[in-house]
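Here is a walk through one protein chain, taken a piece at a time. Keep the picture open and follow along.

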Amino acid sequence: MTYPEREVAYASRYPPKKKIGPTSLDDLKKGRAFDGDDNSDPKTHPDWYDLDRFETVIPFFKQHAFTMTLMWHTSLVIGFSLNCLLEALVFTGDSGTPKKALARYMLTFERLIDWHSGNIWDPSDKAFTSLQGVRTGHAAVRKDMESTIKREGKFMTMYDMGCVQAGFMGAMITMPQKFGMHATSKELDDYVYFWKCVGRQLGVSDEFNLCSLDDRDTVTGIVTQITDLIEDTSLHPPAEFRPMAQAYVDGINLSLPFPLMSVDATLALDYWGLEKPQPRRLSWADSARFWFFRWVFIMIGYAPYFERTMSWLLLFSFKHFPPTTRLCPVGQHAGQTRTCPHREVGSGFKTFVKVYVIFGILLSVLSFLACLGVAGVFMFQVGLTAVAVCSRMELQNYVVGQ
Ligand code: HEM
């Protein structure tokens with residue numbers, strides 16, 4: 001048997017496994033019939049497991065953590081209008097006041113840092129424990145909702161998981177340039193793979209994992225459909241949307257030197273990012289906030305050291321001054337099944353964030369001046385060259401004329 005014949009014989013005996021996963025929103029919607037956790041064992045590896053590819057997220061995150069945080073923030077605010085998420089958050093009541101919301105979302109952010117900087121496949125790694133903590137928390141909330149809320153249908157389904165997954169990674173792959181992020185195609189493909197891994201470890205089955213097919217165009221298509229849905233609901237959101245989004249924004253503002261965030265300004269950034277018309281006029285304060293963030297995105301895009309410095313500082317602060325303790329401070333919430341309502345963000349962390357924001361503003365202004373300076377020097381050079389060329393031509397004409 002020749003080599004090509006052997007190849008053909010091998011391929012027919014062991015055909016490559018067909019990749020499964022949603023190709024459209026309709027495929028994902030079939031997941032409404034299933035709990036959002038398939039009880040897969042997180043200590044086993046699926047046949048598509050590739051640690052080297054997974055770990056490409058670590059340097060990517062180090063470089064873009066600041067921009068990704070801004071993306072998560074904007075996605076979260078519009079994401080509050082997602083019925084399934086809102087229902088669960090209102091049910092737990094663990095993020096309904098600014099103080100609670102600040103502690104809850106700082107912990108969420110810490111967990112995202114864990115996953116993006118460690119190994120969620122290795123049971124001895126902090127990232128693994130952190131992710132499985134969230135999975136256990138989800139299971140506990142689902143169980144409580146099932147036993148308390150009397151309504152048709154399942155809670156926290158595979159479909160819901162896909163929608164929330166889109167909130168975490170959608171902006172990164174559909175509109176990185178809007179936020180000023182420079183990323184190569186390969187980096188974005190690998191980021192989709194990273195979220196395929198996160199979904200799997202959270203219990204999402206391959207069939208309903210938004211990122212299963214590992215094909216950015218397919219995922220972008222589904223994310224766009226989900227985004228259209230969310231944009232529609234955000235125009236006529238459920239009654240609980242405002243209080244929940246406001247609690248989150250007020251919570252974040254608690255740690256900032258001045259109220260830099262607002263729900264309307266963030267929604268305006270969402271609509272701008274999605275290239276949709278702005279549904280309402282902004283107050284002058286919200287317009288200032290909106291333009292401030294647009295300015296920050298421009299700085300991210302044009303001054304790479306700005307993004308790197310802000311990302312480094314952000315990760316440094318969370319590593320050395322963690323905002324909350326992971327364990328319940330009064331010892332009532334041992335284990336990590338549900339968000340602990342006693343946790344509070346320490347004043348040390350709040351001070352750090354205030355300094356961080358003021359430093360960021362100064363750095364962005366300096367970056368802008370530096371850009372102006374570079375542009376000015378460039379224009380000066382162009383001007384000088386033009387004068388030199390013109391005067392040379394004039395001299396030649398003069399010599400020829402003589
Ligand atoms: C890929 C999908 C998802 C990811 C990556 C994710 C991520 C997280 C993270 C990091 C936390 C931890 C917060 C903490 O420890 O306090 C959390 C908690 C929670 N998540 Fe999810 N989640 C996802 C899907 C969902 C869905 C679909 C729902 C509801 C329909 C949901 C509802 C909740 C609730 C209720 C909590 C508890 C915290 C609270 O009540 O404020 N999550 N999730």
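**A tour that starts on a helix**

Let's begin with helix H7, which has 23 residues and reaches 33 Å from its first C-alpha to its last, close to the 33 Å expected at 1.5 Å a residue. Bear in mind as you look that this is a predicted model. You'll find H7 at residues 126–148. Which of its residues are buried? They are Ala127, Phe128, Ser130, Leu131, Val134, His138 and Val141. The cover over these buried residues of H7 includes helix H5 (83–92), H6 and helix H9 (185–201).

H6, one of those covering helices, deserves a closer look. Helix H6 covers residues 98–117, and it packs against H7 at an angle of about 135°, with the two axes 8 Å apart. Because of that angle, H6 counts as oblique to H7. Their crossing is left-handed. On the H6 side, the contact is made by Arg111, Asp114 and Trp115, while H7 brings Lys126, Ala127, Ser130, Leu131 and Val134. If some of those H7 names ring a bell, that's fair: Ala127, Ser130, Leu131 and Val134 are among the buried residues of H7.

Now step back and take in the whole chain. How many helices and strands does the protein chain have? The secondary structure comes to 15 helices and 0 strands. Along its principal axes, the C-alpha trace spans about 100 × 75 × 40 Å. The chain has 402 residues, and 35% of them count as buried. As for who touches whom, take the contacts with a separation of 6 or more: 76% of these are between residues 24 or more positions apart.

What about the inside? In soluble globular proteins, nonpolar side chains tend to be buried together. Here, the largest nonpolar core has 86 residues, and the members that touch the most others are Tyr191 and Tyr248. Setting aside neighbours within four places in sequence, Tyr248 is in contact with Leu76, Ser95, Ala101 and Tyr105.

A short hop along the sequence from there takes you to Asp250, which is found in helix H11 (residues 241–254). Is Asp250 buried or partly exposed? It has 18 C-beta neighbours inside 10 Å, so it counts as partly exposed; a buried residue would need 20 or more. Asp250 and Ile230 are 20 residues apart along the chain, and their C-alpha atoms are separated by 22 Å.

Try Phe54 next, in helix H3 (residues 51–54). Phe54 has 18 C-beta neighbours inside 10 Å, and therefore counts as partly exposed. Leaving out neighbours within four places in sequence, Phe54 is in contact with Tyr193, Phe194 and Cys197. Phe54 and Asn119 are 65 residues apart along the chain, yet their C-alpha atoms are separated by 8.3 Å.

Our last stop is another pair of helices. Helix H12 (residues 263–273) packs against H13 at an angle of about 45°, with the axes 8 Å apart, so H12 is oblique to H13. This crossing is right-handed. Asp264, Ala265, Ala268 and Leu269 of H12 make the contact with Asp286, Arg289, Phe290 and Phe293 of H13.

H13 itself runs over residues 284–302; at 1.5 Å a residue its 19 residues should span 27 Å, and its end C-alpha atoms are 27 Å apart, so the two agree. The buried residues of H13 are Arg289, Phe290, Phe293, Val296, Met299 and Ile300.

Notes. Residues are numbered from 1 along each chain as its sequence is written. This is a predicted model: local features need pLDDT of at least 70, side-chain atom pairs count only at pLDDT 80 or more; totals for chains, interfaces and linings use all residues. Helices (H or I, at least four residues) and strands (E, at least two) are DSSP runs, numbered from the N terminus. The expected span of a helix is 1.5 Å times one less than its number of residues. A residue is buried if 20 or more other C-beta atoms lie within 10 Å of its own, exposed if 12 or fewer, and partly exposed in between; C-beta atoms are placed from the backbone. Two residues are in contact if their C-beta atoms, placed from the backbone, lie within 7 Å. A nonpolar core is a set of buried Ala, Val, Leu, Ile, Met, Phe, Trp, Tyr and Cys residues joined through C-beta atoms within 7 Å. Axes are lines fitted to C-alpha atoms, for helices over the stretch in contact, and angles run from 0 to 180 degrees between N-to-C directions. Angles under 35 degrees count as roughly parallel, over 145 as roughly antiparallel, 65 to 115 as roughly perpendicular and the rest as oblique. A crossing is left-handed if the near helix is turned anticlockwise from the far one by less than a right angle, and right-handed if clockwise.
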